Amino acid sequence: MASTTTTTARRHKKIVVIMGPTGCGKSKLSVDLASRFFPSSEIINSDKIQVYRGLDITTNKIPLQDRKNIPHHLLGDFDPSESHPEFTPSDFRSSASLAISQIVSRRKIPFVVGGSNSFVYALLAKKFDPEVDVFGESLDSVFCKEMRYACCFIWVDVSPPVLSEYLVKRVDDMLDSGMVEELAEYFADPGSGSVSQCGLKKAIGVPEFERYFLNKGKDWKISEEDDGDVEKKRAYEEAVRAIKDNTCQLAKRQLGKILRLRDAAGWDLKRVDSTASLRAAMGGGGRRVAEIWERQVVEPSVKIVKRFLMDGDLTIRAETFSTSHYYPMSTSCNTLEFNFQLLKH
């Protein structure tokens, strides 16, 4: 009886899930929605690498100042140990479920945001078997179509060629922001090779640069004086090229899993398209990017979430919504400052 009551209560919990391939703008959208339109909300990270503490640039965690005072859960919170080296889908199912219960108990809205679709499925499927990789199976019947929560799915989609071009630029931006220096510190730590670091080792950038740092040691920096060190430059360029290729391949795999969840699991994904905003951002940013992002991504998402929260719930509190920042398009870009860097998340 108690189990039935718990299940029924869980199904009445409403959560918003923002999905999409890496680089599509999920984090920016979640912060825009939570800070401007749905102030009674908190964000739960569902990126399986960003749950680990450390390597903030390499794992592309949203910087603290860009979170706009919105509480973020499971973002850089997990410290691995020899006995618990990896944060598994089962770990996420239990930890995220607890976070959702706590957020709902505060009468706030949980936003689950991230690109690890295996984590999202583990959290939402009513019946979850950690021994079965549903995305590795060809049969659609392996997916559980019953969900533990009432979900609003927003799928931030991007044209693959545009996304690939953008991801290449994003890697360059990350390198300029100190990614190599961060990795140098990581590999200089004797504990980086321990079993407890096996989860963080999977972050794109770590395996690609591992040979470079092991071979170069303290002499890893590329400088003008290294013009004659062809081998060092070649090794560095190979690592960077591998990071770019693997990031683009990750985005393709993520898109494939999203389509499986839509078609095989029957998830009702509401699609918004950030292609034009990414294309404009690569063209220089500025006011035009803000206009496109607002019109094609933010406004449709606000409508989707409001409709979901109001559906069948006439008791929802007025403070759940905010219209103080919902400007007409004629004036929105005079009041909104578009942060190009946020789109990289």
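Q: Let's start inside the sheet: in β5, which residue is the bridge partner of I18?
A: In this predicted model, β1 and β5 pair in the parallel sense, and 6 bridges join them. I18 belongs to the face of β1 that also carries K14 and V16. Across in β5, its bridge partner is I154.

Q: And in β4, which residue is the bridge partner of V16?
A: β1 also pairs with β4, again in the parallel sense, this time over 3 bridges. For V16, the bridge partner in β4 is F111.

Q: In what order do the 6 strands of the open sheet stand?
A: The pairing in this sheet is parallel. β3 (72-73) and β6 (269-273) stand at the edges, so each has one side left without a neighbour in the sheet. Reading across from one edge, the order is β3-β2-β4-β1-β5-β6.

Q: In β3, what is the bridge partner of I43?
A: β3 is an edge strand and has a single partner strand. Strand β2, residues 41-45, pairs with β3 in the parallel sense over 2 bridges. The residue in β3 that bridges to I43 is H72.

Q: How many of the 6 residues of β1 are buried?
A: Take the strand one face at a time: K14, V16 and I18 are buried on one side. On the other side, I15, V17 and M19 are buried too, so to speak for both faces, they are covered. β1 is mostly covered, and its count of buried residues is 6 of 6.

Q: Is α4 largely enclosed or left open by the rest of the structure?
A: The buried residues of this helix are N117, S118, F119, V120, Y121, A122, L123 and L124. They pack against β1, α3, β4 (109-113), β5 and α8. Because 8 of the 8 residues of α4 are buried, the helix is largely enclosed.

Q: Which residues have the most contacts inside the largest nonpolar core?
A: This core has 57 residues. Several elements each supply at least two of them, including β1 (14-19), α3 (89-105), α4 (117-124) and α8 (230-263). In general, nonpolar side chains in soluble globular proteins tend to be buried together. The residues with the most contacts inside this core are I44, Y121, L124, F209, F213 and W267.

Q: How many residues are in the second, separate core?
A: Among the members of this other core are I109, V272, L278 and F308. It is separate from the largest core, and its residue count is 36.

Q: Leaving aside neighbours within four places in sequence, which residues is F213 in contact with?
A: F213 is one of the residues with the most contacts inside the largest core. α7 (206-216) and α6 (179-188) each supply at least two residues of that core. With close sequence neighbours set aside, the contacts of F213 are V180, L183, A184, F187 and W220.

Q: What does α5 span from its first C-alpha to its last?
A: α5 has 17 residues, and at 1.5 Å a residue the expected reach is 24 Å. Just after this helix, G178 takes a positive phi of about 110°. The span in the model is close to the expected one, at 24 Å.

Q: Which elements do the buried residues of α5 pack against?
A: The buried residues of α5 include V162, L163, Y166, L167, R170 and V171. Two of its residues, L167 and R170, are touched by T247, which lies in helix α8. Taken together, the buried residues of α5 pack against α6, α8 and α9 (275-282).

Q: Is T247 buried or exposed?
A: A polar atom of the T247 side chain lies 2.7 Å from the backbone oxygen of I243. Not counting residues up to four places away in sequence, T247 touches T22, L167, R170, V171 and I204. Its relative accessible area is 6%, so T247 counts as buried.

Q: The side chain of D129 reaches which backbone nitrogen?
A: D129 is found in the loop between α4 and β5. At 39% relative accessibility, this residue counts as partly exposed. At 2.9 Å, its side chain reaches the backbone nitrogen of E131.

Q: What share of the 345 residues of the protein chain count as buried?
A: The chain has 11 helices and 6 strands. Its accessible surface comes to about 16500 Å², with 50% belonging to carbon and sulfur atoms. The share of residues that count as buried is 51%.

How values were computed:
Residues are numbered from 1 along each chain as its sequence is written. This is a predicted model: local features need pLDDT of at least 70, side-chain atom pairs count only at pLDDT 80 or more; totals for chains, interfaces and linings use all residues. Side-chain values use heavy atoms; hydrogens and water are left out. A nonpolar core is a set of buried Ala, Val, Leu, Ile, Met, Phe, Trp, Tyr and Cys residues joined through side-chain atoms within 4.5 Å. Buried means under 20% relative accessible area, exposed over 50%, partly exposed in between (1.4 Å probe, protein chains only). Helices (H or I, at least four residues) and strands (E, at least two) are DSSP runs, numbered from the N terminus. Contact means heavy atoms within 4.5 Å. A polar contact is a pair of N or O atoms within 3.5 Å; within protein, one must be able to donate a hydrogen and the other to accept it, and residues adjacent in sequence count only if both atoms are side-chain atoms. Accessible areas come from the Shrake-Rupley method with a 1.4 Å probe; for residues, only the protein chains shown count as cover. Two strands pair if DSSP finds at least two bridges between them. The expected span of a helix is 1.5 Å times one less than its number of residues.
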